Amino acid sequence: MPLTGIDDRVVRVDAAAKARGEARYVCDYTFPDMLYAYMVRSSIPRGTIDSISIPKLPDGYYFISAADIPPEGKNELWMIQKDWRCFAEGDVRYVGETIGLLVGPDRNILKYLLDHVDIKYTEGIPAVSIDDGIACKGGAIVGEDNVLCQLYVEKGKPMSEVFAEADSIYEETLETGFQEHVHLETNAAIVTEEDGKYAIYASAQCPFYIRKSVAGLLGIPQEDIIIRQTTTGGAFGGKEHFPDVLCGPLLVAEHRIHKPIKLVFDREEDMLYSVKRHPSKVTYRTALDKDGNILGIEGLVYYNCGAYLSASYVVLQRGVFHANGVYDFPNTYVKGIGIATNTFPSDAFRGFGAPQTLFAIETHLDHIARKFGFDPAEYKARYFIKQGGETITNGHIVERVMLPEMMKQVVDASGYEEKIRKYPIGSGRGIGISFYNHGGAFTGNGEQAIIKAHARLVKTGGRVRIEVGSTEMGQGFQTALRKIAAVVLGIPIEDVDYDNPDTSLVCDSGPTAASRSTMIVGKIVERCAAEMKERWAEGDFSVEKEYEHPEGHPWDQSTFRGDAYLGYGWGCAAVEVEADKLTNEIHVTGIWSSHDIGHAIDELIVHGQVNGGIAQSIGYASMEKMENRNGYFRQSSMSDYVVPTSMEFPKQEWFLVENPYEWGPFGAKGMGELVFNGADAAYIDAVERALGITVHRIPMPPEDIEEALGNGQ
Ligand code: MTE
Ligand code: MOS
């Protein structure tokens with residue numbers, strides 16, 4: 001049956017195969033004569049390699065390293081820049097840096113050999129924290145000052161004038177920690193050869209990124225490598241650039257050995273030796289008048305980037321562009337600095353830099369409000385940005401902003417006003433509220449100037465196939481996309497096909513990142529489908545279209561001025577908690593949220609994203625503690641790095657407001673990251689009120705709460 005409209009409920013198209021165990025992940029693929037690979041990694045955070053001694057290898061076993069890169073290739077992965085080496089050579093910069101691969105047919109023998117690799121180092125002194133990096137502990141890792149990237153934005157008057165007029169200045173520093181993606185499926189890839197080309201099967205978000213990144217290792221054209229995305233069991237940003245770190249060494253090994261080679265991380269490897277969310281340290285200095293009105297805010301934002309740049313500059317930009325939250329402050333100056341350290345490179349993670357500054361600004365405003373005796377929600381609402389309001393990048397909010405309506409929904413549903421009276425500060429119970437947004441798609445003119453996405457629809461008989469490089473990773477993209485095409489074409493969703501992308505068959509529709517897939521790629525598919533419908537009688541044909549950028553929204557990437565985002569997702573969340581006074585465990589007793597995502601393509605999928613994103617965000621603020629001591633991550637399993645499960649939190653109550661986005665398919669905007677961006681601050685607001693403490697860093701597991709209460713050792 002054709003669908004009657006986009007609001008029809010459908011069964012997720014990938015649900016049955018995943019539930020039945022029929023979906024094929026990298027792990028499930030085997031090829032004749034397939035070999036396995038294990039990574040030989042640096043066991044120290046910083047130093048020079050004096051010698052590498054490999055045990056005598058049985059026949060059919062290989063050690064692959066930088067020496068195997070052919071003369072026409074270069075030992076570099078091309079992410080955004082080319083600084084991340086495929087194999088460490090000469091020195092190592094973080095624990096877990098790839099030095100080589102051990103490859104062979106028997107995994108037990110490989111593990112035995114791995115245990116007998118002996119690498120001698122001259123150890124350096126590692127810089128681990130942001131402060132270490134700034135102080136150039138052990139000498140600079142990058143340049144002279146460890147600054148990997150930096151930028152600033154300003155709006156209004158110079159801050160020196162604003163501070164001169166202020167009655168008081170409120171200054172504080174807020175910090176966030178590492179966060180591990182914990183995708184259910186660990187990182188994995190297989191490299192083989194097919195018809196004279198290399199073929200890579202990978203658990204990945206961005207097949208075209210891998211192709212671009214690894215081709216230079218062999219000095220071959222990107223087209224000589226085919227990337228086939230396999231069913232991807234969760235990614236959350238952790239499979240945006242990181243698959244390159246597996247696929248690069250595998251490609252070099254394949255070039256030498258010419259047999260299919262499989263590399264699958266176990267959970268411990270995935271936790272200890274993969275990218276994480278950037279830890280941050282954000283200092284705000286806020287100029288206030290005598291009544292507590294904000295005259296201006298100055299921000300200094302540091303992100304711990306780890307040993308290589310990877311996507312850090314872009315992550316930092318997004319952090320800075322979200323540093324004023326959902327507010328229109330009259331004057332502001334925010335500087336962002338990405339610091340190099342000897343930790344595993346930090347990389348994309350749901351929210352892509354925005355969660356750190358959004359947590360900081362929300363919590364900072366809570367503290368100011370409380371100091372002046374205002375209710376934080378009422379205080380923040382005074383500064384809500386409106387349509388036409390000037391953004392932190394001197395652009396304007398293009399769309400209608402429905403924050404007041406969303407706040408009302410959440411306040412009413414949660415009983416916020418009654419609860420703030422009922423639970424006095426320090427009573428052991430508390431409710432907190434936060435506001436947040438997320439700029440959809442690539443920043444500024446990135447979609448138009450860099451990505452230039454294409455999408456194609458192919459009609460064969462009565463069936464239509466969507467050919468795009470965007471991927472399903474659990475967020476429901478496949479269902480959303482097929483639904484968009486089916487509704488426009490007026491055919492049953494079962495008659496629309498979409499396969500996990502194969503770069504030799506589909507268009508490059510850009511990375512599956514920045515919550516852009518439904519919003520940007522979905523729109524191109526909608527346009528293709530509209531043309532296909534008109535020409536339906538023509539028989540078999542295909543329609544391909546390119547992204548079109550709306551006119552009149554300037555952006556200058558050299559000064560970061562202009563309309564950074566045309567469509568933001570907006571959110572408001574309230575979290576209620578009860579503290580166990582004996583153990584300091586915090587029980588979440590209520591979660592309410594309202595989101596503006598334009599129009600939902602599929603409400604059930606949106607519901608799943610809201611539930612998951614909010615749980616992941618509260619986990620980030622509470623239990624998800626990943627410590628790095630002297631360069632070594634301390635948490636290596638799911639029993640010591642604890643993520644929330646369905647047992648932790650109560651059923652969430654959630655709302656959507658209707659605010660169709662002019663340039664999105666059926667009015668839809670990006671939403672996959674938005675739902676992560678704010679519940680952490682609402683949770684901390686609730687914890688602060690329940691316990692009468694002031695929090696300056698997340699996560700806050702019970703032991704840290706103990707310390708904040710002054711009971712710590
Ligand atoms: N949801 C699930 N279940 N699994 C994921 O890996 N990734 C998130 C988010 N939601 C993710 C997820 C991230 S990091 C992004 S960028 C968006 O989904 C991508 O959404 P899109 O399809 O709109 O681009
Ligand atoms: Mo998402 S962090 O942009 O992959």
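Here are five short exercises, with worked solutions, on a predicted model of a protein chain with a ligand.

**Exercise 1. Split the chain into its domains, then find how far apart the centres of domain 2 and domain 3 are.**

Start with the domain assignment. Domain 1 takes residues 15-23 + 446-546, domain 2 takes 31-124 + 181-272, and domain 3 takes 280-443 + 561-710. So each domain is written as two stretches of the chain. Now go to the C-alpha atoms: the centres of domain 2 and domain 3 sit 36 Å apart. Finally, see who takes part in the contact: 28 residues from domain 2 and 28 residues from domain 3.

**Exercise 2. Work out what the interface of domain 2 and domain 3 is made of.**

Step one is the area. About 2400 Å² gets buried between the two domains, and carbon and sulfur atoms give 66% of that. Step two, look for the main contributors on the domain 2 side: Phe236, Met271 and Leu272 together supply 23% of the area that domain 2 buries against domain 3, more than any other three residues.

Step three, check for charge pairing and polar contacts. The rule turns up 0 salt bridges across this interface, but it does find 7 residue pairs in polar contact. Step four, ask which element helps most: helix 7 (residues 267-272) gives the largest share of domain 2's side, with 4 residues. Last, sort that side by class, and you get 13 nonpolar, 7 polar and 8 charged residues.

**Exercise 3. Find the residues around ligand 1 and pick out polar contacts to its atoms.**

First, the surroundings: 18 residues lie around ligand 1, and Ala235, Phe236, Gln475, Ser517 and Gln609 come nearest. Phe236 should look familiar, as one of the three residues named in the domain 2 and domain 3 interface.

Next, go through the N and O atoms, using a cut-off of 3.5 Å for a polar contact. The side chain of Gln609 puts an N or O atom 2.8 Å from a nitrogen atom of the ligand. Met473 uses its backbone instead, with an N or O atom 3.1 Å from a ligand nitrogen. Arg516 also uses a backbone N or O atom, this time 3.3 Å from an oxygen atom of ligand 1.

**Exercise 4. Take the pair Arg370 and Asp685 and show that it is a salt bridge between distant parts of the chain.**

Begin with the principle: side chains of opposite charge can pair when their charged atoms come close. The cut-off here is 4 Å. For Arg370 and Asp685, the closest N and O atoms are 2.6 Å apart, so the pair qualifies. Then place the partners: Arg370 is in helix 9 (residues 354-371) and Asp685 is in helix 17 (residues 679-691), 315 residues apart. For context, a search of the whole structure gives 51 salt bridges.

**Exercise 5. Where do Asp33 and Pro699 sit, and what is notable in their backbone geometry?**

Take Asp33 to begin with. Its place is the loop between helix 1 (15-20) and strand 1 (35-41). Its phi is positive, about 65°, although Asp33 is not a glycine.

Now Pro699. The loop between strand 28 (697-698) and helix 18 (702-708) holds this residue. The peptide bond leading into Pro699 from Ile698 is cis, with omega near 5°.

Note on methods
Residues numbered from 1 in each chain as written. Chains lettered and ligands numbered in written order. Predicted model: local features only at pLDDT ≥ 70, side-chain atom pairs only at ≥ 80, totals over all residues. Heavy atoms only, no water. Contact = heavy atoms within 4.5 Å. Buried area = accessible area lost by both parts, 1.4 Å probe. Salt bridge = Lys/Arg side-chain N within 4 Å of Asp/Glu carboxyl O. Polar contact = N/O pair within 3.5 Å; in protein donor to acceptor, adjacent residues only side chain to side chain. Helix = DSSP H or I, 4+ residues; strand = E, 2+ residues; numbered from the N terminus. Nonpolar A, V, L, I, M, F, W, Y, C, P; charged D, E, K, R; others polar. Near = heavy atom within 4 Å.
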